[in-house]
Amino acid sequence: MTIVSYIFLALFVAASGVHLYHSWIDEGKKRAVTKPMLLIFLLAYYIFAALAAGEKLNTVLIVAIATSWLGDVLLIPKGNGWFTAGGISFLISHITFILVYVPHIDFSAVKWYFVAPLAIVYLAIALKIILAVKKNTPKIMVVPMYLYLIANSTMNIFAFMQLLSNMNAAALIAYAGAILFFTSDCTLFLVRYHEKKDIIFKRHFTVMLTYLLGEALITVGMLMLDK
């Protein structure tokens, strides 16, 4: 990596630290100031690190990170409309992450007796989350929210199939990131719509910690895997 990529990585870590601190103390206005910077720095890190390694830029991965960034921005204002808009952007992000994984998957080598039970576990967790928040969620949003978690679950399953096809540290890191992304989304739904506001420890901190680690690990894992 070049000094420029290290600078952007340091900026991502520093901005994340500041954002997580304000999430810990629940300072909403300062969270809103730092949030738009986070994935911009991560995206810049990826671009310069890939170029330094002589890799061809993965435009699909760039779109996945960029739509996640847009989702971050759209979730800053309060209200179900903004929440829905952010969800649509993140839905596109999950779909594009799936497309990032597909070229690295050898479907003939995938052991479906591992994949199928895991898929059921993800879908069951997603259903449990939706049932937990259904009471306080506008009826029109319940089904789309479940479909959204199914999309995230599918992204995780493809990351797992990528791991089965590439039993190495890079694929493992990417799958760990996918798990954290799923954890963050489930936690976000509970934070937004569960009747008990304290059901999640340090609500915004937990959502953002798992999210930022998830995005970072997926990015680093794919950067390693594309070499």
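Colleague: Okay, angles over 145 degrees between helix axes count as roughly antiparallel. So at roughly what angle do helix 1 and helix 3 cross in this one?

Modeller: Bear in mind that this is a predicted model. Helix 1 (residues 3–24) and helix 3 (residues 38–52) cross at roughly 160°, and their axes come within 8 Å.

Colleague: And how do the two run relative to each other?

Modeller: The crossing angle is roughly 160° and the cut-off is 145, so helix 1 and helix 3 are roughly antiparallel.

Colleague: Is the crossing left-handed or right-handed?

Modeller: Left-handed, for helix 1 passing helix 3.

Colleague: Which residues make the contact?

Modeller: From helix 1, they include Phe8, Leu9, Phe12 and His19. Helix 3 brings residues including Leu42, Tyr45 and Phe48.

Colleague: How many of the contact residues are nonpolar, polar or charged?

Modeller: In the contact of helix 1 with helix 3, 14 are nonpolar, 3 are polar and none are charged.

Colleague: New topic: rings. How many aromatic pairs are there in the whole structure?

Modeller: A search of the whole structure turns up 14 aromatic pairs. One of them is Phe83 with Phe189, a tilted pair with 5.9 Å centre to centre and 55° between the planes.

Colleague: Where do those two sit in the chain?

Modeller: Phe83 is in helix 5 (residues 80–101) and Phe189 is in helix 8 (residues 169–193). They're 106 residues apart, so this pair links distant parts of the chain. Both Phe83 and Phe189 are buried, too.

Colleague: What about Tyr122 and Phe182, what sort of pair do they form?

Modeller: An edge-to-face one: 5.0 Å centre to centre, with 80° between the planes. Tyr122 lies in helix 6 (residues 112–133) and Phe182 in helix 8, so the pair ties together parts 60 residues apart in sequence.

Colleague: Are Tyr122 and Phe182 buried or exposed?

Modeller: Buried means under 20% relative accessible area. Tyr122 has 6% relative accessibility, so it counts as buried. Phe182 is buried as well, with 5%.

Colleague: Which residues do ring pairs link into a cluster?

Modeller: Phe90, Phe97, Tyr101, Phe181 and Tyr211.

Colleague: Last thing, Asp26. What's its phi?

Modeller: Near 60°, a positive value in a residue other than glycine. Most residues other than glycine have a negative phi.

Colleague: Where is Asp26, and how exposed?

Modeller: Asp26 sits in the loop between helix 1 and helix 2 (28–34). Its relative accessible area is 43%, so Asp26 is partly exposed.

Methods
Residues numbered from 1 in each chain as written. Predicted model: local features only at pLDDT ≥ 70, side-chain atom pairs only at ≥ 80, totals over all residues. Heavy atoms only, no water. Phe/Tyr/Trp six-rings, centres within 6.5 Å; stacked < 30°, edge-to-face > 60°. Helix = DSSP H or I, 4+ residues; strand = E, 2+ residues; numbered from the N terminus. Buried < 20%, exposed > 50% of the residue type's maximum accessible area, 1.4 Å probe, protein only. Axes fitted to C-alpha atoms, helices over the stretch in contact; angles between N-to-C directions. Parallel < 35°, antiparallel > 145°, perpendicular 65-115°, else oblique. Left-handed = near helix turned anticlockwise from the far one by under 90°. Contact = heavy atoms within 4.5 Å. Nonpolar A, V, L, I, M, F, W, Y, C, P; charged D, E, K, R; others polar.
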